[in-house]
Amino acid sequence: MIYNLQMECMDRPALCRLQAERLGETLQRVAALPFYVARGMGELAAGAVGRPAGPAGALLEHLERLPFTTKQDLRDQYPFGLFAVPQRDLARVHATSGTRGKPTLVGYTKNDLATWAELCARLLAGAGARPGDTLHVALNYGLFTGGLGIHGGAERLGCLVVPASAGSTHRQLLLMNDLRPVGLKATPSYALHLAEVAEQEGIDPRSFGLRYGIFGAEPWSEAVRARLEERFGFLAYDSYGLSEMLGPGVAWECEHRNGLHLAEDHFLPEIIDPMTGHRLPPGEEGELVLTSLTKEAYPLIRFRTGDRTVMLPDPCPCGRTHIRIDRIRGRVDEMLIIRGVNLFPTEVERVLLSFPELHHRYQVRLWRHGALDEAEVLVEPRRPQETDEAALARRLKAAIKQELGVAMGVRVATIPDGEGRNKALRVIDERSGVS
Ligand code: ADP
Ligand code: ZN
């Protein structure tokens with residue numbers, strides 16, 4: 001189901017005109033903020049206003065003259081420096097999870113909350129949600145944008161929402177058993193945890209009868225998708241978002257699950273080379289940069305998301321015209337460079353999950369040995385008593401070497417189950433003393 005046919009299927013030239021108009025409005029909104037004035041943006045904003053809305057190229061050309069905004073800028077301007085409205089006009093604040101550093105405060109006006117609910121309704125509909133569906137939301141409620149964001153979207157779509165939040169896993173299983181939700185929204189790692197606890201308690205997650213599961217907030221691989229679908233017997237969909245842009249509802253998979261449609265009527269995407277900052281043509285992988293087009297409280301210009309992906313410009317058979325991005329490969333700063341080989345933790349995950357005797361939980365520990373990065377993978381067997389640890393480690397080491405072309409140590413360990421965290425902690429980076 002397409003929630004907003006008019007906007008999601010708008011023809012590209014009209015979409016482009018809309019983007020140009022909205023970019024002009026956004027630049028006007030931020031032009032007087034000291035942060036932007038100091039960067040000479042006032043003039044650039046004036047340049048955009050009143051310009052005839054030209055073709056896509058002209059819009060992007062204008063954008064390219066504007067400076068990037070980085071996560072460090074957001075931290076420096078904490079708490080209200082980048083807010084474009086006074087505090088009394090705010091309806092809510094949230095914060096990033098702080099996965100890779102200090103959390104950032106983000107804010108919403110009433111209109112922003114309405115936009116957010118609409119985008120989350122679109123994302124749920126993309127996975128097949130319908131008004132009247134019971135939706136179990138196992139994402140944290142609170143400052144984290146996941147829980148409340150999806151909650152607003154589900155209400156907008158007309159679902160019965162079960163605001164289970166994350167944690168109290170046993171109770172969640174009881175609820176699912178008793179209320180028979182049609183859909184589940186969670187992080188992929190917490191959903192796997194739910195399945196594991198169910199198994200320990202002798203419950204088959206397939207017996208809940210879920211039709212779809214929608215997962216995001218952290219990188220996950222196709223191997224995790226396969227494991228989730230096998231455990232729950234549903235179709236698993238990817239959904240991407242970040243607090244800086246609202247939260248969930250930035251990009252999501254439609255029924256074709258061939259990439260994530262990005263809500264281009266509200267966000268303008270670019271892909272850049274993270275080293276040089278130059279824009280890359282469609283089809284090349286790099287860092288996703290987003291400009292918000294409608295946000296009132298917390299507009300951001302050319303925000304460097306730190307997430308690596310690629311744009312997929314081919315039209316999608318579903319009829320939505322908004323561009324697709326490929327599933328997020330990982331965070332730019334989580335790319336591991338081990339003896340010259342670049343890889344993301346999710347690639348390690350793919351190899352690990354091909355071993356059914358392993359838990360989905362794993363961690364990659366990185367440290368520096370002289371000038372070289374060294375890595376070790378920590379894994380946990382599902383049935384420790386029946387496992388020959390040394391033999392398992394040897395087999396894993398060989399598989400990693402063969403599949404990924406790098407040598408990594410493998411150690412069997414007990415890994416925290418992540419209850420109480422918004423996101424799984426996959427990388428322990430001891431190279432610069434921070435993890
Ligand atoms: P933090 O960056 O501190 O974790 P957020 O809670 O706002 O703050 O999370 C947004 C980030 O989560 C994104 O920038 C991205 O790195 C990650 N993320 C969100 N959805 C996905 C997804 N579907 N696939 C991969 N990564 C995702
Ligand atoms: Zn589609």
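Begin by selecting the shell around ligand 1 in this predicted model: by class, this shell holds six nonpolar, eight polar and six charged residues. Here Ala, Val, Leu, Ile, Met, Phe, Trp, Tyr, Cys and Pro count as nonpolar, Asp, Glu, Lys and Arg as charged, and the others, Gly among them, as polar. Residues are numbered from 1 along each chain as its sequence is written, and local features need pLDDT of at least 70, with side-chain atom pairs counted only at pLDDT 80 or more.

Next, display the 20 residues that surround ligand 1 (a heavy atom within 4 Å). The closest are Gly98, Thr99, Ser243, Asp307 and Lys423. Colour strand E7, residues 235–242 (strands are DSSP runs of at least two residues, numbered from the N terminus); strand E7 gives the most to this shell, with five residues.

Then select three residues in turn. In the side chain of lysine 423, an N or O atom is 2.7 Å from an oxygen atom of ligand 1. At arginine 331, a polar side-chain atom lies 2.9 Å from an oxygen atom of the ligand. At alanine 217, a backbone N or O atom lies 3.0 Å from a nitrogen atom of ligand 1.

Finally, move to aspartate 265, in the loop between strand E9 (260–262) and strand E10 (267–272). Aspartate 265 counts as buried because its relative accessibility is 1%, where buried means under 20% relative accessible area (1.4 Å probe, protein chains only). Add arginine 122: its side chain and that of aspartate 265 are joined by a polar contact of 2.8 Å, that is, a pair of N or O atoms within 3.5 Å, one able to donate a hydrogen and the other to accept it, where residues adjacent in sequence count only if both atoms are side-chain atoms.

How values were computed
Chains are lettered from A and ligands numbered from 1 in the order in which they are written. Side-chain values use heavy atoms; hydrogens and water are left out. Helices (H or I, at least four residues) and strands (E, at least two) are DSSP runs, numbered from the N terminus. Buried means under 20% relative accessible area, exposed over 50%, partly exposed in between (1.4 Å probe, protein chains only).
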